[in-house]
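Biologist: I should like to understand the terms applied to this structure. Please show it, and let us reason from each value to its label.

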Amino acid sequence: MALTLYVDTARWRAHHKHVQEQFPGLVPVCKGNGYGFGHERLAEEATRLGSDILAVGTTYEAARIKDFFGGDLLVLTPYRRGEEPVPLPDRVVRSVSSIDGVYGLVGARVVIEVMSSMKRHGISEQDLPQLHAAIENVRLEGFAIHLPLDRTDGSDAVEEVIGWMDRLRAARLPLHTMFVSHLKADELARLQQQFPQTRFRARIGTRLWLGDHEATEYRGAVLDVTRVSKGDRFGYRQQKAASDGYLVVVAGGTSHGVGLEAPKALHGVMPRAKGVARAGLATVNRNLSPFVWGGKQRWFAEPPHMQVSILFVPSDAPEPTVGDELVAHLRHTTTQFDRIMDR
């Protein structure tokens with residue numbers, strides 16, 4: 001009995017092809033937990049797409065995935081002097097976001113990140129005059145810009161990239177390749193049209209692997225069902241059942257990522273109100289689980305255990321039976337499945 005990720009493989013791969021057609025020169029991204037699919041599986045899918053390069057998050061991920069993908073590997077985390085050395089093949093390309101970093105990678109293949117409105121890391125405009133000397137001793141694969149997802153100030157992503165293209169061109173730096181993130185297909189096409197001598201390559205992860213929500217589904221198997229009456233005590237903390245119903249033990253606990261949630265940026269009154277309501281319910285031990293039964297998300301009976309969760313299903317709902325599978329609304333990037341099933 002397991003927490004299973006079901007994949008409609010034909011539909012999932014059709015989506016990959018669609019994204020690839022929209023973004024010529026696409027660079028698939030495989031980082032973290034492999035967007036819920038695992039590094040080995042995404043390396044296989046990138047190979048199937050004919051990708052010549054795969055982006056990973058860290059050098060440690062590059063070391064793990066190098067045996068599963070035969071093309072180039074682009075490490076997205078910028079190089080820093082003093083970092084732990086990780087043995088990597090020559091086909092690994094390092095990102096760098098400082099002049100010092102470029103000087104620290106003599107002989108290496110590098111992509112130089114410029115500072116975007118994200119203000120996370122990158123070469124500044126003031127650094128550009130120093131780059132000529134710095135890049136003489138590296139193999140420059142191109143420049144890169146990582147853009148924000150939301151633009152609440154109404155600014156234009158394309159104009160931001162154009163601004164950097166103009167600065168790099170004015171500094172007489174080579175502009176054969178520009179790696180970009182978080183651009184739309186039409187925005188990428190506008191850039192390619194305006195700068196035909198530069199190859200723009202979109203680094204895409206979420207949109208590629210998770211863009212078709214109907215292609216994948218998590219399900220947790222029911223392991224046990226126990227009928228309880230109002231007032232019965234149960235669980236580790238011996239709480240009382242609030243009403244008649246069933247305690248349903250389902251595969252999927254904290255080791256799978258169930259009950260763990262990354263912070264979200266809330267926009268608008270309604271999402272904020274719902275967040276406040278959820279926080280209020282949590283103070284009285286009422287936490288909504290990701291598991292669905294009888295058309296409704298069901299409440300945790302108590303906090304999820306390491307490998308299972310215990311849900312409370314009221315008596316007016318259908319009685320689950322051992323072996324049933326409950327759909328689970330889980331975030332791919334924080335979930336570890338027991339098994340993956342193609343169908």
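Modeller: Let us begin with a cut-off: a residue is buried if its relative accessible area is under 20%. The model in view is a predicted one.

Biologist: Why is Phe 200 called buried?

Modeller: Its relative accessibility is 2%, and buried means under 20%; therefore Phe 200 counts as buried. Phe 195, at 6%, counts as buried too.

Biologist: What makes Gln 238 partly exposed?

Modeller: Partly exposed covers the range between under 20% and over 50%. Because Gln 238 has 39% relative accessibility, it counts as partly exposed. Gln 238 lies in the loop between strand 11 (233-234) and strand 12 (239-240), and its phi is near 55°, a positive value.

Biologist: Why is a positive phi worth mentioning?

Modeller: Because most residues other than glycine have a negative phi. Tyr 35 also has a phi near 55°.

Biologist: Why is the pair of Trp 12 and Trp 209 called tilted?

Modeller: Their ring centres are 6.2 Å apart, and rings pair within 6.5 Å. The angle between the planes is 45°; under 30 degrees would be stacked and over 60 edge-to-face, so the pair is tilted. It links helix 1 (residues 9-22) with helix 8 (residues 206-210), its two members being 197 residues apart.

Biologist: How do you know that Arg 167 lies over the face of Trp 164?

Modeller: Arg 167 is at 4.9 Å from the ring centre. The distance limit is 6 Å, and the charge must also be within 35 degrees of the ring normal. Arg 167 is accordingly listed as lying over the face of Trp 164.

Key: Residues are numbered from 1 along each chain as its sequence is written. This is a predicted model: local features need pLDDT of at least 70, side-chain atom pairs count only at pLDDT 80 or more; totals for chains, interfaces and linings use all residues. Side-chain values use heavy atoms; hydrogens and water are left out. Helices (H or I, at least four residues) and strands (E, at least two) are DSSP runs, numbered from the N terminus. Buried means under 20% relative accessible area, exposed over 50%, partly exposed in between (1.4 Å probe, protein chains only). Rings of Phe, Tyr and Trp (its six-membered ring) pair if their centres lie within 6.5 Å; planes under 30 degrees apart count as stacked, over 60 as edge-to-face and the rest as tilted.
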